[in-house]
Amino acid sequence: PVFFKTMLQWINEASAEEIRQVARDWLSDGRYQLDVLPFPEYQAANKGVDRSKGLPQVGSLPEMNFPKIQRGQLRNGIEVQLIVRPALPIVDVAIQFDAGYAADRGIKLGTASFTLDMLDESTRNRSALEINAESERLGAEIDSGSNLDTSTVYLAALKQNLAPSIALFADVVRNPAFSSEEVERMRVRLLAGLEQEKNQPIGVALRTLPPLLYGVDHAYGIPFTGSGTEESINEMEREDLERFHNDWLRPENASLFVVGATTIDEILPLLENAFGDWKVRGDRPPAKQISVVPLASSTRVFLVDKPDSPQSLILAGHVAPPTGAANNIAIEALNDIVGGTYSARVNQQLRVQKQWSYGAFTFMSDARGQRPWMIYAPVQTDKTAEAVQELLNVLQQFQREQPATAAELNRVVRNNVFSLPGQYETNAAVLNAMLANQRFARADDYVSRLAGQYQSLSLEQIQTTADAVLHPQALTWVIVGDAAKIRESLEKLKLAVVQSMDSDGNILP
């Protein structure tokens, strides 16, 4: 049981030369054997299948059955939602805070991610090693993270160890120590991740496009990766993390969600013991500036130079209605037809027909406020400008002479409806649905009504939605590639003045 100490000693005492020697010994040319055998002769079975009738018919498919949500409340006002799923002796718990990357606006970028990453690195009662050892002993897993709007801490616990697992979970949430030693160690990891992110075209694009769409004063006008900048991470102090925790990770800004083998009568006392005495401060968390943003008045094109890049990454976008919009299902279906799936028009054109890309898609990042609708298309360098023009053609033709067809809508509806039962088979999936319901102010039966909403869609709805949501003339384009090879052809498109930009989003002369 204590052999892990020996393993840790081996790791701590290993030298660079020893690792190099192991690599020389074992990662050298090895023995390779290729056996080439003749193909056996196959023939159809004589009985069992009547091939004269063609492909066998698909039988009836299971219907979506989302469990009922039960509710409770702790004495300090924290709301508790529960879905009972007794099939496995496991309980998943999440506490969600109205915070997220958007809470970084006005403070050092990356604070939300840094703070959430630090929660299980030590508390006022336990060191990082003690948290890890206790988690292993209990068979529990604790994780944390943020998205654009919320910050969440998760617990996966064994039913038999539920009480001590929740106690450990609460200590991580409520009492992070933000020790200087752990902060410095985390800083190194985050800076390394940031460097890697900025060397990947998709990372560069997701860092630079949102500030262009929303503006620097908007809560969403930040890198959508949530990782901040080298400057902000280097300047981050433990006081910044403590302040974020005090401002945002507090009981009046929190909700608890539970899925698994427990009951409301069992779980409420455990959560009460762990969180019920968490004092409400009375003041309000800082406000996030999530105002309505107008569409860009014209096309904009920005070029991030990546010399000798073997391909160009095209990312374009404009603002679209929030995820919680009343017609969200129509918006999702529209996106699936235009570019959200392999069989969608964008991918069919750029990959299947033109063979300029391994895959091109359109997608949206969930958001409480206006979300970005984006095009993602990595293409071969010498077809960058042609691909931009082809993407515009697809969008413009969809809105004019080539609207959605009945076959396209039927394919999207069937795909979404038939896949629903399988999407919510795990506790984690059900838990995430509950978190999304709260984030976007949805009713408890939102998931149960999805099939009916998809099946009621019409071509008229899709086209009306396209007219309201798609705006090719207002796209902002961020193209990452070898500027020496692609700038001239992009300028010849005459979409807009091609502006140079660095990987941090700074406009260059």
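**Salt bridges, a surface patch and a helix pair**

In this predicted model, the count of salt bridges comes to 32. Side chains of opposite charge can pair when their charged atoms come close. Several of these pairs are described below, followed by a nonpolar patch and a contact between two helices.

One salt bridge joins the side chains of R187 and E184, with 2.8 Å from N to O. Both residues lie in helix α6, which spans residues 180-198. They are 3 residues apart there, so about one helical turn separates them. Their surroundings can be compared through relative accessible area. R187 has a value of 10%. This residue is therefore buried, because the value is under 20%. E184 reaches 42% relative accessibility and counts as partly exposed.

A second salt bridge links R400 and E401, whose closest N and O atoms are 3.7 Å apart. R400 has a relative accessibility of 55%. That value is over 50%, so R400 counts as exposed.

K492 and E488 form another salt bridge, and here the closest N and O atoms are 3.6 Å apart. The two residues sit in helix α18, made of residues 483-493. They are 4 residues apart, which means that about one helical turn lies between them. Both K492 and E488 are exposed. Elsewhere, salt bridges that share partners build a network. Its members are E197, K198, R207, E230 and D504.

Helix α18 also takes part in a helix pair. Its partner is helix α13, residues 384-399. The axes of the two helices come within 8 Å and cross at roughly 30°. Angles under 35 degrees count as roughly parallel, so α13 is roughly parallel to α18. On the α13 side, the contact is made by T384, A385, V388 and Q389. On the α18 side, I486, S489, L490 and L493 make the contact.

A nonpolar patch lies on the surface. It is formed by V2, F3, F4, M7, L8, W10 and I11. Together these residues have about 770 Å² of accessible area. One of them, F4, is found in helix α1, which covers residues 3-13. F4 has a relative accessible area of 46%. This residue is partly exposed, because its value falls between the limits of 20% and 50%.

Terms used. Residues numbered from 1 in each chain as written. Predicted model: local features only at pLDDT ≥ 70, side-chain atom pairs only at ≥ 80, totals over all residues. Heavy atoms only, no water. Patch = residues over 30% accessible without salt bridge, like charges linked within 9 Å, V, L, I, M, F, W, Y side chains within 5 Å. Areas by Shrake-Rupley, 256 points an atom, 1.4 Å probe, with all protein chains shown as cover. Salt bridge = Lys/Arg side-chain N within 4 Å of Asp/Glu carboxyl O. Buried < 20%, exposed > 50% of the residue type's maximum accessible area, 1.4 Å probe, protein only. Axes fitted to C-alpha atoms, helices over the stretch in contact; angles between N-to-C directions. Parallel < 35°, antiparallel > 145°, perpendicular 65-115°, else oblique. Contact = heavy atoms within 4.5 Å.
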